[in-house]
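Here are my notes for your first look at this one. Keep the structure open and follow along point by point.

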Amino acid sequence: MPPVSDRVYRIQAPYDGNAVHLYLVRGDRLALIDSGAGDSPSTAVEPALRELGLSWADLDYLLNTHGHADHAGGNGELKASAPQVQIGIHPADRYLLDGPQAHLNSPTDSSAVMRLLGRDDLLQQREAVLRRVIGRSAGVERELVDGDVVDLGQDVRLTVVHTPGHTVGSVCYFWEAGGSVFSGDAVQGHGWRAGMPPIYHDMAYVSSLERIDSLGANVLCMGHTFGWQGVLNDPVRRGAEVVQTLKASRDASAAIGRAVAHALQQLGPAASFGELAEVAFRELVFDLPILFDRASPVPVVAARAIHAHLAAQGWAPPLAEPAVAAQV
Ligand SMILES: [Zn+2]
Ligand SMILES: [Zn+2]
């Protein structure tokens, strides 16, 4: 297991033909940033603890960066192995821990975007994926909001930085003394798979990038190997790479904004979401390393950010979680 520093270890957990990256952070107490999918605690976290001469009994905190299945799907399995663990998540993403149905009902889930695109034929497949990767439910011991501190002892104090956009309750954990930020999916470069743009449903994603930039961290520990300069790299970026990854993320978002403006200009505001998204996605080829797929003129993962920019440009209201957002 590759150490990031003398206090941080990265755990690579297989996910959907790729991987999600979890981080063990060690002060006097031990925290795990994200649990991965339902099988990650047994297949990835347990062997990692063993490698460090630790066991489930040594783990004090599970801190979720957000409620998506690849980051919190393993919460219940982890809690079953380590009942003493305190689980922390931002209150706005807490509802996603209720199980697959909570995701299927969410207006920002892929399933909602499939309906918007008129691709109801994909819904069954989405449901099957969610039921496969989300494990049993677990509770939450600590609701974490902006400015909260999880003190692990020694010099390891993790400050919660609310960075919405990818989900409404996305947070980063900032270890100031170590100059490190754990960003989950709040920084996505050009996207997590070759050919796929970043995933966000709200333009708050861009202001969150500014917020992360302002922390001045020199180590960025991300949840996936988000693309940067057209290639997939290590999920941990250091020094100048941090600045460049943040710049790549902003540039990708600006490119989507231009593509959406182009689509609105070409088709006019009376066009359907599917028509606008298809023209915008095709326009992106000039700025981002995207891939076309015969099965879907607009890949579902690309459509959420396109919708966010259409909303920002006045075409439609944003995808929102009104009942949840009121609690933020
Ligand atoms: Zn996510
Ligand atoms: Zn993710």
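1. Start with strands β7 and β8 (residues 157–162): they pair in the antiparallel sense, over three bridges. For one concrete example, find Asp-151, whose bridge partner in β8 is Arg-157. Do remember that you're looking at a predicted model.

2. Now zoom out to the sheet. Six strands make it up, in the order β7-β8-β9-β10-β11-β12, and the sheet is open with mixed pairing. At the edges sit β7 (149–151) and β12 (236–238), each of which pairs on one side only. From one strand to the next, the twist averages 20°. As a bit of background, strands of a sheet pair through backbone hydrogen bonds, either parallel or antiparallel.

3. Which helix packs on this sheet, touching β11 and β12? That's α8, and its direction makes about 115° with that of β12.

4. There is some parallel pairing to look at elsewhere. Strand β4 (residues 61–63) pairs with strand β5 (residues 86–89) in the parallel sense, over three bridges, and Leu-62 stands opposite Ile-87 in β5. β5 is also joined by two bridges to strand β6 (residues 142–143), again running parallel. There, Ile-89 stands opposite Glu-143 in β6.

5. Next, the core. In soluble globular proteins, nonpolar side chains tend to be buried together. Here the largest nonpolar core has 92 residues, and Tyr-173, Ala-280 and Ile-306 have the most contacts inside it. Helix α8 (residues 240–267) gives this core its largest share, eight residues.

6. Stay with Ile-306 for a moment. Leaving out residues up to four places away in sequence, Ile-306 touches Ile-256, Val-260, Ala-277, Ala-280 and Phe-281. Helix α9 (residues 273–283) has several buried residues, including Ala-277, Ala-280 and Phe-281. What do the buried residues of α9 pack against? They pack against α8 and α10 (300–312).

7. Last, have a look at Leu-215, in the loop between α7 (204–214) and β11 (219–222). Is Leu-215 buried or partly exposed? It's partly exposed, because 18 other C-beta atoms lie within 10 Å, while a buried residue needs 20 or more. Setting aside neighbours within four places in sequence, Leu-215 is in contact with Val-161, Phe-174 and Val-181. Try finding Val-181 yourself: Leu-215 and Val-181 are 34 residues apart in sequence, with 8.4 Å between them in space, C-alpha to C-alpha.

Key. Residues numbered from 1 in each chain as written. Chains lettered and ligands numbered in written order. Predicted model: local features only at pLDDT ≥ 70, side-chain atom pairs only at ≥ 80, totals over all residues. Helix = DSSP H or I, 4+ residues; strand = E, 2+ residues; numbered from the N terminus. Buried ≥ 20, exposed ≤ 12 C-beta atoms within 10 Å, placed from the backbone. Contact = placed C-beta atoms within 7 Å. Core = buried A, V, L, I, M, F, W, Y, C linked by C-beta atoms within 7 Å. Pairing = 2+ DSSP bridges. Axes fitted to C-alpha atoms, helices over the stretch in contact; angles between N-to-C directions.
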